[in-house]
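I opened the notebook to look up how the protein meets its DNA. I take one strand at a time.

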Protein chains: 2
Amino acid sequence: MKKEETTEHQILDAAKDVFQSKGMDGARMQEIADKAGINKAMLHYYYRSKQLLFEAVFKNAFSLLAPQLNAILNDDSPIEEKIRNFTNDYTTFMMKHPYLPNFIINELNRNEDFILKLKENTGFPNLEKFKAKVDAEISQGNLKPIDADQLFVNILALNIFPFLGKPLVKALTKKDEKAYKAFTESRKTEVANFIINSIKQS
Amino acid sequence: MKKEETTEHQILDAAKDVFQSKGMDGARMQEIADKAGINKAMLHYYYRSKQLLFEAVFKNAFSLLAPQLNAILNDDSPIEEKIRNFTNDYTTFMMKHPYLPNFIINELNRNEDFILKLKENTGFPNLEKFKAKVDAEISQGNLKPIDADQLFVNILALNIFPFLGKPLVKALTKKDEKAYKAFTESRKTEVANFIINSIKQS
DNA sequence: ACATTTGTTAACCATTTGGTTAAACCTATT
DNA sequence: AATAGGTTTAACCAAATGGTTAACAAATGT
């Protein structure tokens, strides 16, 4: 039997759907069981409690996101190239997992201690290399002076916000689903240009 | 008796606290009653149901946010000035209401139909004037060509994200509460500079 | 073939939760 | 002081919810 067909994995898969769309508090164990096509008792057999099942889903979700961040942080390419790649890759990735950013951001806000557990994990994104690279390129006169943390948050903000605030932005800009998708698609390059325009020393 | 001391208002006040920090699903009517210092039956006496109490809180919250957006959209000052003012005012405002962005974004994601009700309200932010102004300044050669929707989303993203993603950003940039506050404070001008650097025709 | 472990189910349970009710409690008006 | 109105409370209720149990089935090892 393939891994994807085991009961344990079917549960995790159903739990992912339910938790990511309804959050910890809105999710119902019965709904997860129904979606997985099994008895509710099985959830507890494999994962003990709602909390533990939730944590399994959350860690899974975060372990998808972290490599996306590390991609920009841990390679040696010039900042400009980092930004172009990240903006393109991250947006492509998020269009495939639209619930992910909101799920993670929201559950971290609900329980601030939660991130402490994540920090312990190896693979938790580290900014040091990125900062050093930014500072180096500023010294070389390649970039205008900017605090690396601020730049990093700006990059994150511009890429993540369209997914977090989708319902609001859709309404404000009066776009339907199709137009919003095109809007997001064009951001793959627009955002990179916007950032680079701002920081590149002319 | 002042308006703030009426039972009805005390309920709304307590409900705001609880709903904004725990969300619709996580909030408990008993907790709201306790926080308001009254009997649980009073909640239903004044607001009928949890759903209606929630909607009262939500509309209230949105009616705080909308004027902040309209400020940038509906005045006649040059784009550069709009951006500087908005970035400063919005961040100042959000530092006073840190739960607001997450609450609104999150509940809109939970129930996409909800925004339809808001759209009907007069005072729902309208981008037309802002777009016209951006296009005009581009024609004048004052700004580099950019889609006004994209620019608007960028402005929003850069200003809102530090509040939405606070726990994540705090962890990634390894800042404590005090450092994060200073970081946010300095964004009042940093973000405006970042945007204007990017779009100003040199 | 038999025993032991592992997986699965239906029924059940205690608690929590949003909501209701009927009576008590003001407070102003007559 | 009696009355009538809205206001407030304690007690209650039905439904939902996370979790448990005990019996049963299916593998697994000997």
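Before counting what each element gives, I fix the term: helices are DSSP runs of H or I with at least four residues, numbered from the N terminus. I also note that this is a predicted model.

**Entry 1: DNA strand C**

I asked which residues come closest to DNA strand C. I found 14 residues around the strand, and the closest are A:Met42, A:Tyr45, B:Arg28, B:Lys40 and B:Lys50. I then checked which part of the strand is involved. Of the atoms of DNA strand C within 4 Å of the protein, 64% are sugar and phosphate.

Next I went through single contacts. The side chain of A:Tyr45 places an N or O atom 2.7 Å from a phosphate oxygen of DNA strand C. From chain B, I noted B:Ala27, with a backbone N or O atom 3.3 Å from a phosphate oxygen of this strand. For a base contact I turned to A:Asn39. A polar side-chain atom of A:Asn39 sits 3.1 Å from a base nitrogen of DNA strand C.

I mapped the surface onto elements. Helix 3 (40-47) of chain A and helix 3 (40-47) of chain B are the elements that give two or more residues near DNA strand C. Helix 3 of chain A has the largest share, four residues. I sorted the residues of this surface by class and got seven nonpolar, four polar and three charged.

**Entry 2: DNA strand D**

How many residues surround DNA strand D? I count 15, and the closest are A:Arg28, A:Lys40, A:Lys50, B:Met42 and B:Tyr45. Sugar or phosphate makes up 60% of the atoms of DNA strand D within 4 Å of the protein, and bases make up the rest.

I looked up three contacts from chain A. An N or O atom in the side chain of A:Lys40 is 2.5 Å from a base oxygen of DNA strand D. A:Lys50 uses its backbone: an N or O atom there lies 2.7 Å from a phosphate oxygen of the strand. A:Ala27 also has a polar backbone atom by a phosphate oxygen of DNA strand D, at 3.4 Å.

Which elements give two or more residues to the surface near DNA strand D? They are helix 3 of chain A and helix 3 of chain B. I find that helix 3 of chain B gives the most, with four residues. By class, I list eight nonpolar, four polar and three charged residues near DNA strand D.

**Entry 3: Recap**

I put the leading elements side by side. Helix 3 of chain A gives the largest share near DNA strand C, and helix 3 of chain B gives the most near DNA strand D.

How values were computed. Residues numbered from 1 in each chain as written. Chains lettered and ligands numbered in written order. Predicted model: local features only at pLDDT ≥ 70, side-chain atom pairs only at ≥ 80, totals over all residues. Heavy atoms only, no water. Near = heavy atom within 4 Å. Polar contact = N/O pair within 3.5 Å; in protein donor to acceptor, adjacent residues only side chain to side chain. Nonpolar A, V, L, I, M, F, W, Y, C, P; charged D, E, K, R; others polar.
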